[in-house]
Every structure is written in structure tokens, then in C-alpha cells.
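Visitor: I would like to learn how to read a protein model feature by feature. Could you take me through this one, starting with a pocket?

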Amino acid sequence: MVPNPTLGWERLQDVFYRKRSEYTMMWTDDIDLSEFIVAGAPYGGAIALVRDTSRPMSYRGPESRQKMILIYSNAGELICNVPWDKGAIRGVGWSNDEQLLIVSEDGNVRIYHDFQGAFTQFSLGKEAEDHGVAECRFWGTGLVARLSNNRFVTISRYDEPRPRLLAEISTTAVELHGWHIAPPSYTLSRHVEVFVGVNSTINVIDSMESQDKRLQEGPFTHVAVSSNGALLVLYTSYGKLYVISSDFSKKYSEYDTGTLDSPSQVLWCANDCVVVAWENEIRLVGPGGGALSFYYDSRIALVPEADGIRIISNDKCEFLSKVPDVVVDLFRIGSTAPSAILLDAVEQLEFKSPKADDNIQLIRSNLNEAVDACIKAASYEPERYWQKRLLKAALLGKSVLELYSSDEFVEMCEILRVLNAVRNYDVGIPITYEEFLRLTPERLIDRLINRQRYLLALRLSDYLQLSTDKIYIRWSCAKVKASTDDDNAICKTIVKKLSAVPGVSYEEIARTAYDEGRSKLATLLLNYEPQAGRQVPLLLDMEEDEIALIKAVESSDPDLIYYVLLQLRGKYSLAQFFRLVNDKPVASAVVEQLARNDGPELLKDFYYQDDRRADSALVIYREALLLDDIQERIDKLKIGTKIYQDSKDPYPDAKAMEDHARLYELQLGYEKEYKTTFVGLTVAETIKKLMKNGQGSKASKLKGEFKVPDKMFIFLKEGTYPVPKKN
């Protein structure tokens, strides 16, 4: 018989709290939390254990000396070991995407992107390197580190880490105590703010200034900001606790714990109450000063969640949270809420009692509200028995209503199936409904993929109608890394598995194979990549340049062809580059166009290696016409003529270029002799000008040399031939 949910409730003032057991820990007896720093990922994520070097620990052989970060599920199942070789650890935290962050004393930060050991690293800057990191505080997308000189450094985004030094503390004689952070999303400035216990007061520090709030009740050894950023709890060295607004404008409550023992943690249970933890006690302090205690036999660690507190002990993983009002109305003894009556109607119906119909009629006017309440309450109940009972009650009420949309009911059924699947012992993700809505289904699937729970991720994605491409790709990457089979066998296995997903990209899998030193496998996999734009960059990285060029040409994408050719142009000598593209007509045409844009020298070289004499000579001809110096122009034209003449095949343009050079030479001679301009005139204009200067013999000689027709020469001589004017 499943117990009534109220058996685990504890009253704190006018609200109820419940501490429910999620898992009995499966880890070995060697795990004693008193010897570890414990950090839990948000949204029911994994637990990281790091040896606390400041505490004495029992000796368990040489392996106990090895620096190792242990990653466990919430059920105590070992996910992975992360070796550590970077010195003293000063901060352990998690991002919203369940990426582990380790901050070393020298200011280096490692971000582990998965549970297979892949990481990136960055530094907190020169100040951190010079003075060293003392401790850190984390939020979903960033961190703040306190340095040994009591300066603070912040990183607001892990994907783009840009260390920023915060303002100095305004007080000269500084004695720092507890401190905490308010993430940028909860501050008016939209920048992170640090609340620091300084001497007997609190300073609020951001990137611009440090404000002394001039409090007198300190020193404050522990500071904590509520999850919505509106409230602040201050814990003093003499055991008093104050709850104030985060802008310091209002004091809400004061509580004396009655002990001088310093707590291990002080934090918020959502936004509802303050939780103070000692070695073996948890005390909840309500808004009105009421308190509720839970005791343990060993040290505990608290992990704040969006709607409660995760409690990690040597034996159990528990979840402490406020009982939602909708659940209280349903299960409270003697409740007359419509939802409670509807739930009772289900029980009466099972006994075939006519009272079931009486209950329905009693709440007929509020039946819609009762159905909604039962559906909502089902989301807060971890026990499947009560989930089914509440949904059955909602189904009964829905069947009586004439007009009621079933969308919310169907959606809740789907979500509960997903939540129950990931809450199982073998997965160990005790995510709540509220956390699921914040995390989103896609990111939950990502967490399953990181744990290599590919089959479950695939089934949940199909159930929720999400894309499965990422799951198949990550499975294939893991297969490439782990398998010892030959390349052809692995490729065949992956292609067979991915054939169920049309259009899936092989690029990431091939890159993984290349990174693992399996170039042949990478090449085989790239043959199945449907998008050339994904094939080509990796082929270039693999130095398969000719294949990359062929793939680019086959894609008929001009931008991709340009990209490959530009990469190859910068990599090879000119001769090697031309040889590579010479037997590829499309690539050659693109190179020719590139050469036209780049300048005549490259174009001449291209035509020369391709044995295109006429085209090369034409380039020289156009180049010559752009020169200002006439002698240089003549020399260029002669070079072009020589290229024509060296060719085995006759070119009619060769004579025209030779005549042009000869005309320039004659015109230069005329200019020197007659001190007037001739260069730039046509043959007809030159003859006419010579006639005007009384040089008929030279005009006749020019006529004969350039084979001017007699009729045209007579017209020029008589001045009746129309000589076209230049624009």
C-alpha cells in the first residue's frame, strides 16, 4: 500500500514542507562526504566530488593520493573519473548545460563539455595569475572568483570568457567574511553584483563601484541571495540570521539560531525559506521566525534547485521543498476543495458506490477547476501511484464536462512519462516538473546523450517528436572513439545505423575520426556526407586537397569553389597550384576569373602554364595600352609579338600587334623631328598630319608600310577622307 503523501509533510508556520527520499546511494563505502567538496549540477544534474585537502582523510592506499574528480549520478552510480593535474583546486561548479567547471589556484579555468573528458581552458587574467584564486561562486552562465588580495574577477559567459576585474572594496581596513553573488538577470544594472561581508557591514560590488551599506549587525559570515534576486539572508558570527530585501530598503525577519557553531552552508529553499546546514543538521527558518529541523548521522551537502533543495548524504539523495498549495488542498485531512472531492469520487467509483455521483454533483459548478487542480497536482507527485490516481480523477471529471480541452491532460501525461523515465535509478536525474519546464526537453535529451544513454534519448525524442539527428551523430562519434574494429567495418556499421535518418550529416563523425587519427575512416565517412559545404573544410584540414577541389566542383557552388581555390592558392607554389587545377575545366575557369580580378601577372602565368599563347599575348597587349611611357609600351608590344611568333600556330593578331608597335616607333621619331604630337594618332591621322606638315614622301612611305589603300590615301591627301575623332 502506497502511503498517503501527507505522511512526509512538516508544518512550518502556515505552510507545509516535505523531505522525500529520491535514491538510496549506490556508491561504495569509501565515499565519505566529510572528505570531499561536493558540487551538484542544477536541474537534478550530476554530482562532482573533489577531495578536500583542507580536511584530514583516511588513507586507502596509493590510489587515494591521486587527484581525481569523481562524477556521480544522484543515485550514487559512478559516471566517470576526471583526472586532475593542474595544482590546487579553488572552485568547483556547473553550468546550466551540465558542464563541469574547475578553477585552479593559478587562475586557470577548465570547462568539461561532457563526461568523456573533453575540455577547453581559459585564464582569469593577469591579476589572478599574480595573486592566486582563493574561492569561487558560480551561476548558470558565469562565475566570480575572489583573489587572495580580496579583489574579485568575473566571467559572465563561459562560451566567450572575458575576465573583468570588479571595483575595489571602499573600506581601507578590510576584514572579509562571507560573500555571495546576484546573477546579472536579477540586478538592475544587468551586471553581476557581489554582496561581501566586510568588517561589520555589507559592501555591494559591481564593475563600477563598491557601496558600503553601513550595517552594524555584523560580521556576516554567510550571505545568500534568493533565487529570484529579491531577498538577502545575512548570517552573523554570533548565530543570528537576518532576512532583508536585496536593495537593503526593508528588513523582513530576524532569527537567533542559539548556537555559535558556524554552519557549513546557508542558502535559500527556492524563495520560500532559509536553510541553515551544520555538519549533521538542517534547519529551515520561515519568514516569521519559525524553524523546522532535520537531523542526520553524517555530513550533508545541499544543492539549491529552482523549487527546492537537493540534500546529498552518505546514504541518500533527498529533495526538500515547499508543498504546493494545490497539493495541500488535495490531500489535507478534511479538505473540502473541489479537487479533493473529485479524487474521493474516483475511490468511490472503484467501490461502485453511488456516492461517486453525489461527489460529482456536489462540485458540478467547480468541476473545471477541480480537473485542472488534479492535473497540476499530478506534476508535483513523484510517486507513480498518486500520479495515476490524480490523472484518473482528472479523466473522470473531464468525462462529465461537455466542453473541456484535453490538450493540457495529454501534455501532462507525456511529461510525466518522460520524468518517470529519467528518474529511474539507472539514470538518476531527479528532475521536477518545474525544473523540466525551465530546462526544456531538448536540453534534457542533451544530458542523456552526455551520459551515453542513447537508447533512452532516442525513445524520448521519438515520443516527444524531437529531432534525433544529434543522438545518432553522438552515438557514432562514441563508436568511432571506442571501437577497435577496422575502418571499413566501423563505417559500414555507422552508415547502416544512420540510414534510418535521411539527410543526417556525417561531418562531425568524420571529424571525430580524423581527430582520433583515423584518416581513412574519416575519408570513407565523408563520402556519405550529403552537403559538400560540410565535406570540403574537413577534407582541406585532412590535406586531401584534390578530393576537396573535386567535391567543390561537383557541388556547383561557386562560393565553395572560390573558397577551396583561395585556400589552395595560399598553400601551394604557383606551379603546383596550376598543376592541381589544370585538368579540371570548371576549376580552371574559376581560376581564370580570379586571375582577371587579381591582376595581369597571375593571369599571364595562368595562360603560360596552360600554353594559351594568344590569350597571354592579349593580356600583354591590354597591359601595354595602360602604360604611360611610350617606350615601355613599345617594349611590351614587342614581347606580345614575340609570344605570337614563338607559337607553332599562326595568329592573325600577331601582325596587328607588330604594326601597332611599329606605328608607335615611327610616331616617336616624328615627334622628335617635328616637335609636335604624333603618339596616339591612328595611321590615317598620322598620314594626314604628315601631309599638313609638307612631308608627302614620309606619308607615302607610311602608306606603303601599313598598306593603306590608294583610294583612301588620295582622299586623305585631298582632305576629303573623314578621319574619325576620338571621344
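Guide: Please keep in mind that this is a predicted model. In the second largest pocket, β2 supplies the largest share of the lining, namely 6 residues.

Visitor: How is such an empty space found, and what is the volume of the second largest pocket?

Guide: The general idea is that a probe the size of a water molecule, rolled over the atoms, shows where empty space is left. Here the second largest pocket has a volume of about 500 Å³. Its lining is made up of 22 residues, and those closest to the centre are R20, S21, E22, P382 and E383. Two or more lining residues come from each of β2 (15-24), α6 (384-400) and α7 (407-423).

Visitor: Turning to strands, what is the order of the strands in the open sheet of 4 strands?

Guide: The order is β19-β20-β21-β22, and the pairing is antiparallel. At the edges stand β19 (220-225) and β22 (251-256), each of which pairs on one side only. Averaged over the sheet and with direction ignored, neighbouring strands are turned by 15° against each other.

Visitor: How many bridges join β20 to β21?

Guide: Strand β20, residues 231-236, is joined to strand β21, residues 240-245, by 5 bridges, and the two run antiparallel. To follow one pair in the viewer, take Y235, whose bridge partner in β21 is L241.

Visitor: Which strands pair with β25?

Guide: One is β24 (residues 273-277), which is joined to β25 by 4 bridges and runs antiparallel to it; another is β26 (residues 291-295), which pairs with β25 in the antiparallel sense over 5 bridges. L284 of β25 is a useful residue to follow, since it is the bridge partner of V275 and also stands opposite L292 in β26. The connections can be read as well: β24 and β25 form a hairpin with 3 residues between them, while the hairpin of β25 and β26 has 5 residues between the strands, with G289 taking a positive phi near 95°.

Visitor: Why is β25 described as largely enclosed by the rest of the structure?

Guide: The reasoning rests on burial, which here means a relative accessible area under 20%. Strand β25 (residues 281-285) has 5 of its 5 residues buried, so it is largely enclosed by the rest of the structure. E281, R283 and V285 point one way from the strand, whereas I282 and L284 point the other way, and all are buried.

Visitor: How should I read the packing of a helix, and which helices do the buried residues of α13 pack against?

Guide: A practical way is to list the buried residues and then ask what they touch. In α13 (residues 507-515), the residues E507, I509, A510, T512 and A513 are buried, and the buried residues of this helix pack against α11 (469-482), α12 (487-498), α14 (519-526) and α15 (532-541). After α13 comes G517, whose phi is positive, near 85°.

Visitor: What are the buried residues of α15?

Guide: They are A532, Q535, V536, L538, L539 and L540, and the buried residues of α15 pack against α13, α14, α16 (545-555) and α17 (558-571). Just after α15, E543 takes a positive phi of about 65°.

Visitor: Now for two charged side chains: is R451 buried or exposed?

Guide: R451, in the loop between α9 (441-450) and α10 (454-464), has a relative accessible area of 10% and is therefore buried. Leaving out residues up to four places away in sequence, R451 touches G45, A46, I79, E98, F115, V427 and I429. K698, in helix α25 (residues 696-705), is partly exposed, with a relative accessible area of 23%. Apart from neighbours within four places in sequence, K698 is in contact with Y670, E673, Y674 and L690.

Visitor: Finally, how many disulfides does a search of the whole structure find?

Guide: In general, a disulfide is a covalent bond between the sulfur atoms of two cysteines. The search of the whole structure finds 0 disulfides. C269 is in none, and the nearest cysteine sulfur, that of C273, lies 4.5 Å away. C269 is buried, with a relative accessible area of 0%, and C374 is likewise buried, with a relative accessible area of 0%.

Key:
Residues are numbered from 1 along each chain as its sequence is written. This is a predicted model: local features need pLDDT of at least 70, side-chain atom pairs count only at pLDDT 80 or more; totals for chains, interfaces and linings use all residues. Side-chain values use heavy atoms; hydrogens and water are left out. Two strands pair if DSSP finds at least two bridges between them. Axes are lines fitted to C-alpha atoms, for helices over the stretch in contact, and angles run from 0 to 180 degrees between N-to-C directions. Buried means under 20% relative accessible area, exposed over 50%, partly exposed in between (1.4 Å probe, protein chains only). Contact means heavy atoms within 4.5 Å. A disulfide is a pair of cysteine sulfur atoms within 2.5 Å. On a 1 Å grid over the protein atoms alone, a cavity is a set of points where a 1.4 Å probe fits but cannot get out, and a pocket is an open set with protein on both sides within 12 Å along at least five of seven lines; lining residues have an atom within 4 Å of a point. Grid points are joined across faces, edges and corners, and a volume is the space filled by probe spheres set on the points.
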